Amino acid sequence: MYYGIVMISVIMFGVQFLLNDRYEKLSGNHAGATFAFSFLSSAAGLLCLLVINRFRLEWTPFTALCALASALNSLLYTVCSLKALSKINLSLYSLFSMLGGMLLPFLQGILFFGERMNAAKILCLALITAALGVTVERGNAWRRGIPYYAGIFILNGMAGVLSKIFTSSSLPKTNATEYSVWIALCTVGCCAMRRTSSREPM
C-alpha cells in the first residue's frame, strides 16, 4: 500500500512540474501571476482538505507557526519556480527541485534525528543523482538563473524539513490534515494581503 502511495506521489510531483511550466508560458513569471497561481491552487486545495476533514478545524500555536513558515516557503518556491522556468528547460528545473527535496531531508535525518548512514543510502543517493543528471541538456544557458535554481533546491528541500519538524515535535499540535488546512489558509491569506497592498491585479 505504501509503495503505491509513493508511486502516486511521484506521478503527481511530475504533473506539478508540467503544470508549472505550462502556467509560466501562458501567464508569465511576474508577481501578479505568481500570487494568482498560489492563491488559486491553495484555495482549491483548502476546499478539498476541509471536505476530507469534515470541516473540522483545530489549532495550536505551534501548528500555526509551522503552517505560516510552510506557507511562506511555498510562496517563495513558487516565485523561484516560475522565474527559473523562464530561463531553463523542464529537465534542469526538475533536477534542482528533486535533488533539494531529497538531499536536505536526508541530511536532516542524519544530522538531527539519529538516522544512520549506510552503504545502501549512499548508493541510493548516487543512483538518483546520476539518473537525474542524464536529463540535463548541455550548454551555458542555465547559468543565467543560478539564484533561482539555488532557491528551488533549498526551498523544495525545506518543505520536507519543516514537515519533519512538525511531525517529530512533542509540542501540542493538530493532526496532519488540519496542519495542511492551516498551510493552505496561511497561503491564501498571504496572497490576499499582497493583493490588497498592491494595485497589480491577481
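1. A good place to start is the surface: L107, L111, F112 and F113 make up a nonpolar patch with about 430 Å² of accessible area together. Patch members have over 30% relative accessible area and no salt bridge, with nonpolar side chains (Val, Leu, Ile, Met, Phe, Trp, Tyr) joined within 5 Å. A salt bridge here is a side-chain nitrogen of Lys or Arg within 4 Å of a carboxyl oxygen of Asp or Glu, and areas are Shrake-Rupley values with a 1.4 Å probe.

2. Before going on, please note that this is a predicted model, where local features need pLDDT of at least 70 and side-chain atom pairs count only at pLDDT 80 or more. Residues are numbered from 1 along each chain, and side-chain values use heavy atoms.

3. Within the patch, F112 has a relative accessible area of 65%, so F112 is exposed (over 50%; buried is under 20%). F112 belongs to helix α4 (residues 90–112), helices being DSSP runs of H or I, at least four residues.

4. Now to the rings: there are four aromatic pairs, with centres within 6.5 Å and planes under 30 degrees apart counted as stacked, over 60 as edge-to-face and the rest as tilted. Y23 and F37 are tilted because their planes stand at 50°, with centres 4.8 Å apart. This pair joins helix α1 (residues 2–27) to helix α2 (residues 31–52).

5. F166 and Y179 are stacked, since their planes meet at 10°, with centres 3.8 Å apart. F166 sits in helix α6 (residues 146–168) and Y179 in helix α7 (residues 176–196). Both residues are buried, and ring pairs link them with F62 into a cluster.

6. Finally, K173 lies over the face of F166, at 5.4 Å from the ring centre; the criterion is NZ of Lys or CZ of Arg within 6 Å of the centre and within 35 degrees of the ring normal. K164 lies over the face of F113, at 5.0 Å.

Technical notes: Phe/Tyr/Trp six-rings, centres within 6.5 Å; stacked < 30°, edge-to-face > 60°. Helix = DSSP H or I, 4+ residues; strand = E, 2+ residues; numbered from the N terminus. Buried < 20%, exposed > 50% of the residue type's maximum accessible area, 1.4 Å probe, protein only. Patch = residues over 30% accessible without salt bridge, like charges linked within 9 Å, V, L, I, M, F, W, Y side chains within 5 Å.
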